[in-house]
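Here is my note on the pocket and the cores. Please read it with the model open.

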Amino acid sequence: MISWRKHYRQTLITIGLLLSTSASIYGQDGDPKNGEKLFKANCTACHDLDKQLVGPPLKGVVERVKTEGGVDKDWLHKWIKDNKALRASGDKYANEIFEKFNKTEMQQFPNLSDKDIDDILEFTTNPPAPEPKKETTTEEGTASTAPAADKTTSNVVIISLLAIAALLVWILIKLRQLVKLGQSEDLAGLNETRVRSFSEIYQKYHYVGKGLIAILALLATYGIWNWIMWIGVYKGYKPEQPIYFSHKIHAGEQKIDCQLCHSSAKYGKVSEIPSMNVCMNCHRSISEYNADHYMEPGKDKAFYDAEIQKIYAATGWDPAKQQYTGKTQPVEWTRIHNMPDFVYFNHSQHVVAGEQAIINSFNKKNPNNKIDVVCKACHGKIDTMNVVQMANDFTMGWCIECHRTTEVDMNNGYNKEYFKNLHDKLKKQYPKDGGKITVDAIGGLECGKCHY
């Protein structure tokens, strides 16, 4: 009987330990992995775990608000869902935080459920350890150092080839010296005869020689003329900029619309270079590069982070204090696309009036390389360029060819009613091809349209 009670007591203790262990494992209030996803989707614009951005660092925020304000998680739920209403209710701690951070209005998140908020708070309390990055391995299983090895191999090959070339030149020089030393008097006399014979041949066939010289002169003239005509044509030009900016990351990966930065491209004469304040609209809260999102070959996270720091230096932004210092530095961008002074080009005329017509015309001529935005017709597929380059010739002939092949969009909402009479007249004037009207038919080839 005593033995049975002893085992019964041990069984109860074991069950109790198991239950307490289970409670400690499953007793957390949220899922940190789901919280990480929600944090990145909703909070990273203004917050970081370890440092201050627009708002304070959020690591350990549950314990911090409990210590500073004497509040619990329920208060955090109210703050996150509708902090404005919480402040309006007269909550002392809510108003203290609002004053502390320069009355910066925090976004409200009524769409987040209590479970979502618990997951986020659990992530800020116990963030999961980052997964180790996978290294590219070779067949032997060692970390790949192919780029460095390739570079070293290339250098060795180049040096070897140069050494071989130098050796061959030296051997040829020595052989020539030996031939001259061993040349007999008969051979020397024969050489003199050959020189005289060549002179006689030229005298006999001098007309042929002069003809060849004339042909060479014509070819040289054509070459010089062709070279002159291509002066100022910089297709493929891609200069190094003072701050590295990848259009593939911003316009391609992040899907940022061109006109968000180049705001005057649609309704202005020129597209303009965006000011650094435009960059700070995003990079005020993005101080580090998310290396897992996209990485160019040969570049790492440290490279991108250093370029972001250049933006801060140019604008005088102190990321630690989250305020401007007033000490700015000018950024000397290198312009890529620049029309000569005697050429008139208006962005709005092409982007607004000719947008759909240009896109349709380009896609007909390039069925395997279609575009969806009018910018790409002239500037190329900017959203795939890490370094922007001049994608086309931008010569007069290139512009004229576009005007001759681009159809006028008769159904353009911007000019349909205004130009109705003109369009009807043009359809009668150009009845061929079903009334197809190209830009040259409406003055697209008149000199005064593009030249002052």
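**Second largest pocket and nonpolar cores**

1. The lining of the second largest pocket holds 22 nonpolar, seven polar and six charged residues. Here Ala, Val, Leu, Ile, Met, Phe, Trp, Tyr, Cys and Pro count as nonpolar, Asp, Glu, Lys and Arg as charged, and the others, Gly among them, as polar.

2. This is a predicted model: local features need pLDDT of at least 70, side-chain atom pairs count only at pLDDT 80 or more, and totals for chains, interfaces and linings use all residues. Residues are numbered from 1 along each chain as its sequence is written, and side-chain values use heavy atoms, with hydrogens and water left out.

3. The second largest pocket has about 750 Å³ of space. Of its 35 lining residues, H47, P56, L58, W79 and M106 are the closest to the centre. Two or more lining residues come from each of α3 (61-68), α4 (73-88), α5 (92-100) and α6 (114-125). The top contributor is α4, with six residues.

4. The largest nonpolar core (buried nonpolar residues joined through side-chain atoms within 4.5 Å; buried means under 20% relative accessible area, 1.4 Å probe) has 24 residues. F39, V65, W75, W79, I80 and L121 touch the most other members. Elements giving two or more residues are α2 (32-42), α3, α4, α5 and α6. Again α4 gives the most, with five.

5. Beyond its neighbours within four places in sequence, V65 is in contact (heavy atoms within 4.5 Å) with G70, V71, W75, L76 and Y93.

6. A second, separate core has eight residues, including M280, I308, A314 and W317.

Technical notes:
On a 1 Å grid over the protein atoms alone, a cavity is a set of points where a 1.4 Å probe fits but cannot get out, and a pocket is an open set with protein on both sides within 12 Å along at least five of seven lines; lining residues have an atom within 4 Å of a point. Grid points are joined across faces, edges and corners, and a volume is the space filled by probe spheres set on the points. Helices (H or I, at least four residues) and strands (E, at least two) are DSSP runs, numbered from the N terminus. Buried means under 20% relative accessible area, exposed over 50%, partly exposed in between (1.4 Å probe, protein chains only).
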